[in-house]
Amino acid sequence: IGGGIAGISAAARMSHLGRVTLLEAETHLAHHASGRSAALYEPFYGLKPVVDLSMASGDFFRSQDGILSPRGLMILARAHEHEALKEEAAGFELPEISVDEARAMVPVINDSITHAAFGSHAWDIDTDLLLQNFAREARSNDAEIVTKARVTAIAKTATGWAVTTTAGTYEGRILVNAGGAWVDQIAQMAGVQPLGFTPYRRSMARIPAPGGHDVSGWPMMFGVGELWYAKPDAGALIVSPAEEDPAEPHDAWADDMVLAEGLARYEEFVTEPVTRLISNWAGLRTFAPDRVLVIGPDKRDPSFFWLAGQGGYGFQTSPAASLLAADLIGGRSPHLGADLVTALSPARFG
């Protein structure tokens with residue numbers, strides 16, 4: 001259940017094991033969080049189990065033509081933020097550079113900026129191509145991908161599960177819960193104990209290229225504390241307030257006030273004011289209580305499999321996460337280390 005990056009990648013991997021049906025509520029795949037992602041592969045982003053999962057995905061990304069393209073990552077700070085910048089830069093393994101070097105890359109950095117850090121080990125992910133590749137792999141192994149199939153009921157059967165949707169009823173031996181912001185709701189429908197996931201809204205705005213500059217070669221930029229970020233996209237700039245506001249699962253939209261406040265924080269770092277928006281949107285980033293992905297069979301009912309809590313890491317962890325799911329469901333020895341498999345397991349919750 002779920003046609004975002006988690007569900008699509010899992011369907012592709014599991015299609016080599018047997019018959020797979022993927023159910024997506026919306027009219028097309030990747031409608032929610034996966035279709036609204038900043039889409040950066042920055043393997044040092046997140047807690048250690050997330051970083052390990054991202055690092056384990058690197059070889060897959062590098063083996064796929066056209067999935068990754070160079071972007072780079074830059075953190076900017078004012079004088080009073082230098083210590084915080086040093087701490088954050090160390091976490092991302094970004095060396096400090098001079099402001100002149102930073103401004104040579106991003107000419108709109110203003111005079112209030114006194115410190116910067118930069119690393120080239122961050123890449124744009126062609127999310128559409130990645131999704132298409134996984135969907136093509138699934139279909140090539142006769143997986144059925146059903147859209148407009150909103151789940152209305154889930155029942156246990158003698159052989160597994162029956163899932164009733166607006167497109168019909170589907171049965172299977174194992175139910176994979178890859179429902180994004182709705183994973184706890186799906187668990188409740190299945191009579192499985194929810195694990196306490198929280199969706200958080202994140203708003204985004206697309207603005208014209210500042211000062212008419214060619215932004216294509218600019219890195220992704222963060223303010224210290226991740227109070228905003230900006231990233232080139234299709235000749236324009238995406239700017240986010242980087243907020244994390246708890247929300248109920250829904251088709252999210254940007255909060256105008258939060259967006260305005262985030263754009264104001266971004267403007268404090270640059271010479272060019274934001275005079276208009278091209279578009280805006282929001283997505284829900286869903287986290288487990290410990291902010292680490294949850295991958296594995298439910299401890300009370302192993303026929304119910306959790307693939308959840310991708311947070312802001314869904315795309316960059318998807319190759320390793322989906323392979324781990326297939327390893328566990330297929331009864332294979334996991335390609336990841338035992339400690340990481342344990343750290344990701346739903347059994348960690350009481």
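A contact here means heavy atoms within 4.5 Å. The model is predicted, so local features need pLDDT of at least 70 and side-chain atom pairs count only at pLDDT 80 or more, whereas totals for chains, interfaces and linings use all residues. Residues are numbered from 1 along each chain as its sequence is written, and side-chain values use heavy atoms, with hydrogens and water left out.

**Exercise 1. Describe the overall fold of the chain, starting from its contacts.**

Step 1. Among contacts between residues at least 6 apart in sequence, 72% join residues at least 24 apart.

Step 2. The chain has 9 helices and 20 strands, where helices (H or I, at least four residues) and strands (E, at least two) are DSSP runs numbered from the N terminus.

Step 3. The radius of gyration, taken over C-alpha atoms, is compared with a globule rule of 2.2 Å times the number of residues to the power 0.38. Because a compact globule of 350 residues would have a value near 20 Å, the 21 Å of this chain agrees with the rule.

Step 4. Of the 350 residues, 55% count as buried, that is, under 20% relative accessible area with a 1.4 Å probe and protein chains only.

**Exercise 2. Examine helix α5 and find what its buried residues pack against.**

Step 1. Helix α5 covers residues 127-140 and reaches 20 Å from its first C-alpha to its last, close to the 20 Å expected at 1.5 Å a residue; the expected span is 1.5 Å times one less than the number of residues.

Step 2. The buried residues in α5 are T127, L130, L131, N133, F134, A135 and A138.

Step 3. These buried residues pack against α1, α2 (48-63), β7 (123-125), β8 (144-146) and α8 (314-329).

Step 4. Just after α5, D142 takes a positive phi of about 70°.

**Exercise 3. Characterise the largest cavity and its lining.**

Step 1. A cavity is a set of points, on a 1 Å grid over the protein atoms alone, where a 1.4 Å probe fits but cannot get out, and lining residues have an atom within 4 Å of a point.

Step 2. The largest cavity has a volume of about 50 Å³, a volume being the space filled by probe spheres set on grid points joined across faces, edges and corners.

Step 3. Its lining includes I5, A6, L307 and Q310, while the largest share, 5 residues, comes from α8.

Step 4. By class, the lining of the largest cavity has 4 nonpolar, 6 polar and no charged residues, with Ala, Val, Leu, Ile, Met, Phe, Trp, Tyr, Cys and Pro counted as nonpolar, Asp, Glu, Lys and Arg as charged, and the others, Gly among them, as polar.

Conventions:
Buried means under 20% relative accessible area, exposed over 50%, partly exposed in between (1.4 Å probe, protein chains only). On a 1 Å grid over the protein atoms alone, a cavity is a set of points where a 1.4 Å probe fits but cannot get out, and a pocket is an open set with protein on both sides within 12 Å along at least five of seven lines; lining residues have an atom within 4 Å of a point.
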